[in-house]
Amino acid sequence: MSQKFKVVLMTNDTVRQVADIEAECFTNPWSYDSFLSELSNPVSLTWVAMDGENNAAGFLNAYFVLDEASLNNIAVREQYRRQGVGHQLLQTAFQHCRKNGVASFTLEVRQSNTAAISLYEKLGFRKTGERKGFYSQPDEDAFLMTKRFQ
Ligand SMILES: CC(C)(COP(=O)(O)OP(=O)(O)OC[C@H]1O[C@@H](n2cnc3c(N)ncnc32)[C@H](O)[C@@H]1OP(=O)(O)O)[C@@H](O)C(=O)NCCC(=O)NCCS
């Protein structure tokens, strides 16, 4: 896959773009201030995929605690979708997992979110449970999905 996008860690300079993507993609978005505070959260990493003109195309935030990773959010701006950005962001997080002895990576996803579920399954996540009523706006159950590294 050609790497048109460069994946870098979020900095003060990219928080605004990340918060804008979040607001475009989710009905219950994390705020600008939430992302800003993630910069000083020791268990949190946020990666941003930048295009050749320094525009953020998408981002991923996950928490890393002991040997467990959990995905909080991944989103790609609509005009950049189906170009491998989500795949590249997750591969970057997997590299971090492998380097740091992470054993499992978990996430929740809306049961109707076929795009995200396809991406996760392609990258080795498997459905391992359900969380009833996990989402609001609109109300929906979640699948719990897990990828194991060891
Ligand atoms: C889910 C999301 C992050 C995928 O990002 P993306 O950059 O478009 O995904 P990629 O281009 O890396 O896709 C990789 C693979 O995932 C699968 N996939 C991605 N989008 C898909 C779709 N709409 N329908 C079916 N499969 C899809 C395909 O297998 C795809 O490979 P292909 O394009 O070679 O067929 C993006 O659709 C998004 O931001 N959605 C809104 C936010 C969201 O729902 N986030 C997840 C919350 S749990």
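Q: On a 1 Å grid over the protein atoms, what is an open set of points with protein on both sides called?
A: The protein must lie within 12 Å along at least five of seven lines. A residue lines such a set if it has an atom within 4 Å of a point. The open set is called a pocket.

Q: Which residues lie nearest the centre of the largest pocket?
A: This model is predicted. Its largest pocket is lined by 39 residues. Those nearest the centre are F26, I74, N113, A116 and Y120.

Q: How much space lies in the largest pocket?
A: Rolling a probe the size of a water molecule over the atoms shows where empty space is left. Here the volume is the space filled by probe spheres set on the grid points. For the largest pocket that comes to about 1,300 Å³.

Q: Which element gives the most to the lining of the largest pocket?
A: Several elements each supply at least two lining residues, including α1 (15-25) and β6 (126-135). By class, the lining has 19 nonpolar, 14 polar and six charged residues. With seven residues, the top contributor is β4.

Q: What takes up the space of the largest pocket?
A: A molecule sits in a pocket if more than half of its atoms lie within 2 Å of the grid points. One molecule's space is the largest pocket. That molecule is the ligand.

Q: Which element gives the most to the shell around the ligand?
A: The ligand is surrounded by 20 residues, and I74, V76, G84, G86 and N113 are the closest. At least two residues each come from β4 (68-76), α3 (85-99), β5 (104-110) and α4 (114-122). Six residues put one element ahead: α4.

Q: How many residues of the shell around the ligand are nonpolar?
A: The shell divides into three classes. Six residues are polar and four are charged. The nonpolar residues number 10.

Q: How much of the ligand's accessible area does the protein cover?
A: Start with the polar contacts, where the cut-off is 3.5 Å. Oxygen atoms of the ligand lie 2.8 Å from a side-chain N or O atom of K122, 2.9 Å from a backbone N or O atom of R82 and 3.3 Å from a polar backbone atom of Q83. On its own, the ligand has 920 Å² of accessible area, and the protein covers 77%.

Q: Which residue is joined to Q137 by a cis peptide bond?
A: Omega of this bond is about -5 degrees. The partner is found in the loop between β6 and β7 (140-148). That residue is P138.

Q: Which residue in the loop between β3 (56-65) and β4 has a positive phi?
A: Its phi is near 50 degrees. The residue is other than glycine. It is L66.

Notes
Residues numbered from 1 in each chain as written. Predicted model: local features only at pLDDT ≥ 70, side-chain atom pairs only at ≥ 80, totals over all residues. Heavy atoms only, no water. Near = heavy atom within 4 Å. Polar contact = N/O pair within 3.5 Å; in protein donor to acceptor, adjacent residues only side chain to side chain. Areas by Shrake-Rupley, 256 points an atom, 1.4 Å probe, with all protein chains shown as cover. 1 Å grid on protein atoms, 1.4 Å probe; cavity = no way out; pocket = protein on both sides within 12 Å on 5 of 7 lines; lining within 4 Å. Helix = DSSP H or I, 4+ residues; strand = E, 2+ residues; numbered from the N terminus. Nonpolar A, V, L, I, M, F, W, Y, C, P; charged D, E, K, R; others polar.
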